[in-house]
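Reader: I'm new to this. Could you walk me through the structure below?

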Amino acid sequence: MVESSLNHHGRRRPRWLKVSGVVAVAFLVAVVAFGGYWLWRLQSNISTSALGAGGVRTEGPVDDSKDRLQILVLGSDTRSGKNGQYGSAADSSGYGQSDVMMLLDISADNNHVNVVSFPRDLLVDVPACRDRATNQDHAARPGAMINSAMAEAGIGCAVDTVNKLTGLEVDHFMMADFNAVKELSNTVGGVDVCVASAVNDPDSGLRLPKGTSQVQGEQALAFLRTRHAFANGGDLGRIKAQQSFLASLTRKLKADGTLGDPQKVLGIADTMTQNLTVDDGLASVPTMLTLAGRLKNIDPAKVNFITAPTVPAASDPNRLSLDEPAASNLFAALRRSPDLSQPAPSSEAAAEASSAPAAPAYNKALQPVTLANGTNLPGRSSEIGGLLTGAGFTKLARIQAQPRPQTMVYYGAGFADVASDVAALFGLPPSSVQQVAGVHGVQLYAGQDFTAGVKPSAPASDAGGAVSQTANEQTCQATSQ
């Protein structure tokens with residue numbers, strides 16, 4: 001009997017072990033199946049399109065986990081599918097137009113993010129493009145609105161247009177439709193926005209009381225789409241509202257720890273991938289998660305929102321052209337570095353940083369430097385001139401110039417190193433230095449930011465005054481009503 005009892009208990013222990021093993025295996029299968037289901041679901045949601053439309057690329061592929069990235073973010077005005085309630089197909093022909101166009105620039109160390117907005121009314125030269133889906137060629141279109149770049153040849157043509165305009169090379173793109181904004185704002189539980197006075201815009205349907213409100217769904221979309229409610233009713237006021245919305249969204253995601261919460265990330269990913277078209281290089285769930293991982297730790301104070309500098313177009317006051325040289329300065333600064341706060345490096349510092357033998361130093365006393373006084377203070381020329389001669393630039397000429405808000409350094413061919421040293425002397429960033437045909441030597445054009453002191457009063461951190469806000473700032477939209 002004792003032996004029988006021992007055998008009986010001896011048989012029971014393996015049964016429990018087997019049951020536990022089965023449960024563990026079942027749990028692991030469930031986890032793998034859950035992960036597999038979400039991977040399949042998100043992957044099947046993604047729509048893709050070609051990154052370019054025939055434009056020449058000089059840069060190789062990037063490592064999305066560690067390289068500097070430029071991502072073109074587009075908002076499509078297509079009226080197909082769920083977007084049919086916002087108009088008919090006649091309102092959006094071909095591939096649709098880009099209702100929103102922003103270039104997202106992320107530094108390799110994730111410490112600097114720039115979001116550059118391009119007004120949809122901006123007139124640019126659209127290059128010749130080939131529709132990769134139909135192999136149909138489309139001729140170049142000079143002086144076309146930038147939002148029409150993708151209408152004929154697809155998103156790749158919009159990418160090529162931005163590449164041509166900025167001199168940068170876009171690594172990826174993301175294009176979302178109207179529905180994406182509604183569903184994303186619902187998924188995150190609403191986004192805080194602020195208006196200076198009550199808004200009731202019948203065209204967009206936006207209705208907000210004065211002050212701060214939380215918008216989601218249709219009201220979130222209306223806030224981003226309205227053109228008549230903000231500022232003077234133009235596209236620049238709408239861009240400021242879009243930047244403010246994205247800044248608020250960034251702060252909310254950061255405060256809620258959303259990008260570090262896998263469950264919340266899955267919810268956002270599911271929402272966005274259902275309404276998103278991306279390039280082939282971004283069309284995988286692991287790549288998108290890598291991108292989310294890079295963004296989750298970024299300081300909102302380091303996210304700069306910038307609007308490409310523009311002026312009313314000479315050919316049509318209802319359209320915009322790039323404001324030069326401010327636009328070229330901005331794009332040149334971005335090509336140099338995503339950190340727009342760095343002052344221009346001196347030629348001595350550049351020589352020290354180079355592994356090549358340093359070139360013989362130039363003689364400052366022999367360099368032709370002109371001081372153009374645009375401060376609107378006649379006596380200021382002598383004060384600034386004294387700073388230049390005291391630094392060794394004694395071959396100095398002074399001229400009176402038209403007032404301008406920002407101090408700049410212009411230079412002719414062969415004087416880049418001298419211009420760099422003059423800029424460094426006054427703490428000016430690379431965005432304030434530009435080569436200009438017709439300038440002999442170097443010209444310091446002192447602006448109204450330099451009416452006192454030994455350096456311009458404006459900080460060298462805003463790419464020539466282009467940064468309108470950071471993601472850490474809450475702004476209240478000026479209204480047109």
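Author: Sure, one term to begin with: a contact means heavy atoms within 4.5 Å. This is a predicted model, where local features need pLDDT of at least 70, side-chain atom pairs count only at pLDDT 80 or more, and totals for chains, interfaces and linings use all residues. Residues are numbered from 1 along each chain as its sequence is written, and side-chain values use heavy atoms, with hydrogens and water left out.

Reader: Which residues does Leu72 touch, not counting residues up to four places away in sequence?

Author: Some partners sit at Met101, Met102 and Leu103. The others are Ala158, Val159, Val162, Val170, His172, Phe173 and Met174.

Reader: How many residues has the largest nonpolar core?

Author: A nonpolar core is a set of buried (under 20% relative accessible area, 1.4 Å probe, protein chains only) Ala, Val, Leu, Ile, Met, Phe, Trp, Tyr and Cys residues joined through side-chain atoms within 4.5 Å. Leu72 and Leu74 are among those with the most contacts inside the largest one. Its residue count is 36.

Reader: Is Asp99 buried or exposed?

Author: Exposed would need over 50%, with partly exposed in between. Asp99 has 11% relative accessibility, so Asp99 counts as buried.

Reader: Which residues are linked with Asp99 in a network of salt bridges?

Author: A salt bridge is a side-chain nitrogen of Lys or Arg within 4 Å of a carboxyl oxygen of Asp or Glu. Asp99 pairs with Arg120 at 2.4 Å and with Arg238 at 3.6 Å, while Asp235 meets Arg120 at 3.8 Å. So the network links Asp99 with Arg120, Asp235 and Arg238.
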